[in-house]
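Subject: Structure handover

Hello,

Here is the structure I promised to pass on. My notes on it follow below.

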Amino acid sequence: MQLTIRNLNKTYPNGVKALQDVSLDIPTGMYGLLGPNGAGKSTLMRTLATLQDADSGSAWLQPTEGDTNGAIDVLKEKDAVRRALGYLPQEFGVYPHISAFEMLDHFAVLKGIPASQRKEVASALLQRVNLWEHRKKSVASYSGGMRQRFGIAQALLGDPKLIIVDEPTAGLDPGERNRFYNLLSEIGENVIVILSTHIVEDVKELCSNMAIINLGQVLYAGSPDAALQSLAGKVWEKAIQKSEIESYQQQYRVISSKLVAGKPIIHVLSETAPGDGFKAANADLEDVFFAKIHGGE
Ligand code: ADP
């Protein structure tokens, strides 16, 4: 399958243009949709998940070689999309008094999985996300990381071809985030997984393709490697005093500043060596992100 998105637009009644002519080609594998808060990620994810309508544009799930299914018009054939979709929203409601197992079984009913298979499917998924031993506890009592793993289990019900996870690692501690990465990276290669996130590390760890969006617009689409290549030799760094930040911002295209042991290290973008004590820096994905967001490249 391949997801082909063309010229999607969405303006909310308050005038906010959440999507502006968004066009993306999303192949199977893990696809990172990276953007700061308010970029339009959830609007795009909810539109693809059939939960809200775009004003104009199209999105198609298209078969590629070897697929037996036909093409699905994502914006119009909502039932067909829902059958092919696994969705982990930013927030999902949980019932406080039922066990994780019962809740997953309930989601399996909603997904149309026949009664004869439900127990087996729910058990297998809880084992897969490492929650089997916690199956009798309520999801409401779970830690953030356990909840997200439960969320993946419900998203995997019914063998989806398109999986959408919206900001799944926000609020997870580093250990939980790692467990979650491992779980996501085990999802099959023949499935499209769209991971929406404002956390650069999520994309760096997991995604072979990515897009950067801001203010409803696509600023970059391609591989993380190609994005890094585009900045090679153009990022320079220097440790400065806190009080100097503003004057450096006036003089240089500062793309980021990080505190290292309490002292700011700035990264600037420049085609040629700026001199002035700057050293060549290895561009990382965070530089790409900030360079795109700050309009430097
Ligand atoms: P992200 O998921 O990247 O944080 P969103 O898609 O949630 O971005 O939001 C994109 C923009 O649309 C933001 O400016 C947000 O305030 C606005 N927005 C989102 N939902 C609504 C809504 N229901 N009504 C009005 N504005 C909205």
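Start with helix α6, residues 174-185. At 1.5 Å a residue, its twelve residues should span 16 Å, and the end C-alpha atoms are indeed 16 Å apart, so the two agree. Bear in mind that this is a predicted model.

Which residues of α6 are buried? They are E176, R177, F180, Y181, L183 and L184. These residues cover an arc of only 165 degrees around the axis, which means they sit on the same side of α6. What does that buried set pack against? The strands are β3 (29-34), β6 (85-88) and β8 (192-197). The helices are α4 (115-128), α5 (144-155) and α7 (200-206). The N-terminal end of α6 has a cap, D173. A side-chain oxygen of D173 lies 3.1 Å from the backbone nitrogen of G175.

Next, the domains. The protein chain is divided into domain 1 (2-222) and domain 2 (229-293). Their C-alpha centres lie 34 Å apart. At the interface, twelve residues of domain 1 are in contact with six residues of domain 2. The two domains bury about 800 Å² between them. Carbon and sulfur atoms account for 83% of that area. On the domain 1 side, the residues that lose the most area to domain 2 are V200, I212 and L219. Together they make up 49% of what domain 1 buries there.

Now helix α8, residues 224-231. Its buried residues are P224, A227 and L231. They cover an arc of only 60 degrees around the axis, so they lie on the same side of α8. The face turned away from that buried side carries two exposed residues, D225 and Q229. The buried residues of α8 pack against four strands and a helix. The strands are β9 (209-214), β10 (217-222), β11 (235-239) and β13 (263-269). The helix is α10 (285-293). After α8 comes G233, which has a positive phi near 80 degrees.

Two residues that are not glycines also have a positive phi. For N130, phi is about 65 degrees. N130 is found in the loop between α4 and α5. Is N130 buried or exposed? Its relative accessible area is 58%; the cut-off for exposed is over 50%, so N130 counts as exposed.

For E167, phi is about 50 degrees. E167 is placed in the loop between β7 (162-166) and α6. Its relative accessibility is 8%. Buried means under 20%, so E167 counts as buried.

One more loop residue is T50. It is placed between α1 (41-48) and β4 (56-62). At 5% relative accessibility, T50 is under the 20% cut-off and therefore counts as buried. What does T50 touch, leaving out residues up to four places away in sequence? The partners are V74, K78, V81 and R82.

If you open the model, these are the places to look at alongside the notes: the buried side of α6, the interface residues V200, I212 and L219, the buried side of α8, and the loop residues N130, E167 and T50.

Best wishes

Methods. Residues are numbered from 1 along each chain as its sequence is written. This is a predicted model: local features need pLDDT of at least 70, side-chain atom pairs count only at pLDDT 80 or more; totals for chains, interfaces and linings use all residues. Side-chain values use heavy atoms; hydrogens and water are left out. The expected span of a helix is 1.5 Å times one less than its number of residues. Buried means under 20% relative accessible area, exposed over 50%, partly exposed in between (1.4 Å probe, protein chains only). The arc is that of the directions from the helix axis to the C-beta atoms. Contact means heavy atoms within 4.5 Å. A polar contact is a pair of N or O atoms within 3.5 Å; within protein, one must be able to donate a hydrogen and the other to accept it, and residues adjacent in sequence count only if both atoms are side-chain atoms. Domain bounds come from an automatic or database domain assignment. Buried area is the accessible area (1.4 Å probe) that two parts lose on being put together, summed over both.
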